[in-house]
Amino acid sequence: MISVALVPLFIAVLASATSSVVLPTNSFSSYSAFEQHWNYLYPWGSDHNGSGRMVGSSSNHTYISVADNVLTLTSKPVSGQPPSTSNPHPAIHYFSGTVHAKQQVKVDGSSVTGFDIQGEFIAPTAKGTWPAFWLTAVNGWPPESDIGEWKTGSIPSKVRSTSSSVATKRVAWPTDGQFHSLKAELRTISGNTKDLSIKYYFDGTLQATHTAANFRNAAMWLIVDLQMEGSSGSPGPAGGTTFQIRNVQLTKYTP
Ligand SMILES: *[C@@H]1O[C@H](CO)[C@@H](O)[C@H](O)[C@H]1NC(C)=O
Ligand SMILES: *[C@@H]1O[C@H](CO)[C@@H](O)[C@H](O)[C@H]1NC(C)=O
């Protein structure tokens, strides 16, 4: 009786579903869950435009580790390393951690009409620490969207569409040792085939709505990194630092 009664309800729920979780909040519950959903390092390798060189693999969790549903990225000072292989080739002063999601983010307006990207963070804000939770184009650059890019005590939620088109909303980041949440909602704009709308939330409160020029149809990587120094100043902390992340979720919207 009960199962028969539930069948129409179940079908109705499936038929009206317009969103699906494509990266679940338990991806930091074990290394096998992590490796199912994430890759170690940047999509292009270990180096970028700061003084951190990323180190991590399935056999080396010194700088990239998961436990109790929390991802911990750790930076530690290092010396004697060759400079970064990425522009502008800064000197390397730290080993650190970066990961990127296997699931790319792409809103084409036909098969995918939106994405929600969210997570919770305990982020270092000291001078010379440059953690970020961000999207960057798979092919070329920009587009880029920094959902959180922590520099000296605050975060911008930022869209970078061309090098001359940057919209920034600055929010003071709490240093209370507690997790705080960020969320970005990417959506199509009615009658617009080139751009997307992005709403940025901090602890559930809308902070900014940006028009993200030329984001429609652009495949993007989701990156969580603990970069060091670079545009966050120097010197960074002598003892290194940690960046903790949990409950990262990607939700895809379909028509
Ligand atoms: C470093 O790279 C980030 C991410 O690609 C970019 O937003 C930023 O403009 C770059 N900064 C410098 C100083 O090169
Ligand atoms: C991880 O790799 C780094 C860089 O090669 C090395 O210094 C460190 O000892 C390695 N850790 C482990 C546990 O293998």
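Which residues are around ligand 1? Select ligand 1 and show its neighbours: His48, Asn49, Trp130, Trp134, Glu144 and Arg160. One thing to keep in mind as you click around is that this is a predicted model.

**Stop 1: the contacts of ligand 1**

Keep ligand 1 on screen and pick out three side chains, one after another. Start with asparagine 49, where a side-chain N or O atom is 2.3 Å from an oxygen atom of ligand 1. Next, click glutamate 144: here a polar side-chain atom lies 2.9 Å from an oxygen of the ligand. Then go to histidine 48, which has a side-chain N or O atom 3.1 Å from an oxygen atom of ligand 1. Now try a surface view. On its own, ligand 1 exposes 360 Å², and the protein buries 67% of that.

Colour the shell by residue class if your viewer lets you. Around ligand 1 you should get 2 nonpolar, 2 polar and 2 charged residues.

**Stop 2: the pocket**

Where does ligand 1 sit? Hide the ligand for a moment and look at the space it leaves: ligand 1 sits in the largest pocket. That pocket holds about 380 Å³ of space.

Now for the walls. Altogether, 22 residues line the largest pocket, and those nearest its centre are His48, Asn49, Trp134, Trp141 and Glu144. You've already clicked on His48, Asn49 and Glu144, as they are among the residues around ligand 1.

Switch to cartoon view and select four strands: β9 (129–137), β10 (144–149), β11 (154–162) and β16 (220–228). Each of them supplies at least two residues of the pocket lining. Which strand gives the most to the lining? That's β9, with 5 residues.

Try the class colours again, this time on the whole lining. The count comes to 9 nonpolar, 6 polar and 7 charged residues.

**Stop 3: ligand 2**

Time to move on to ligand 2. Select the residues around it and you'll find Val55, Asn60, Thr62 and Phe95.

Zoom in on asparagine 60, whose side chain has an N or O atom 2.3 Å from an oxygen atom of ligand 2. Then slide over to threonine 62, where a nitrogen atom of ligand 2 is 3.1 Å from a side-chain N or O atom. Bring the surface back: ligand 2 has 370 Å² of accessible area on its own, and the protein covers 41% of it.

Last, colour this shell by class too. It divides into 2 nonpolar and 2 polar residues, with no charged ones.

How values were computed
Residues are numbered from 1 along each chain as its sequence is written. Chains are lettered from A and ligands numbered from 1 in the order in which they are written. This is a predicted model: local features need pLDDT of at least 70, side-chain atom pairs count only at pLDDT 80 or more; totals for chains, interfaces and linings use all residues. Side-chain values use heavy atoms; hydrogens and water are left out. A residue is near a molecule or strand if one of its heavy atoms lies within 4 Å of it. A polar contact is a pair of N or O atoms within 3.5 Å; within protein, one must be able to donate a hydrogen and the other to accept it, and residues adjacent in sequence count only if both atoms are side-chain atoms. Accessible areas come from the Shrake-Rupley method with a 1.4 Å probe; for residues, only the protein chains shown count as cover. On a 1 Å grid over the protein atoms alone, a cavity is a set of points where a 1.4 Å probe fits but cannot get out, and a pocket is an open set with protein on both sides within 12 Å along at least five of seven lines; lining residues have an atom within 4 Å of a point. A molecule sits in a cavity or pocket if more than half of its atoms lie within 2 Å of its grid points. Ala, Val, Leu, Ile, Met, Phe, Trp, Tyr, Cys and Pro count as nonpolar, Asp, Glu, Lys and Arg as charged, and the others, Gly among them, as polar. Grid points are joined across faces, edges and corners, and a volume is the space filled by probe spheres set on the points.
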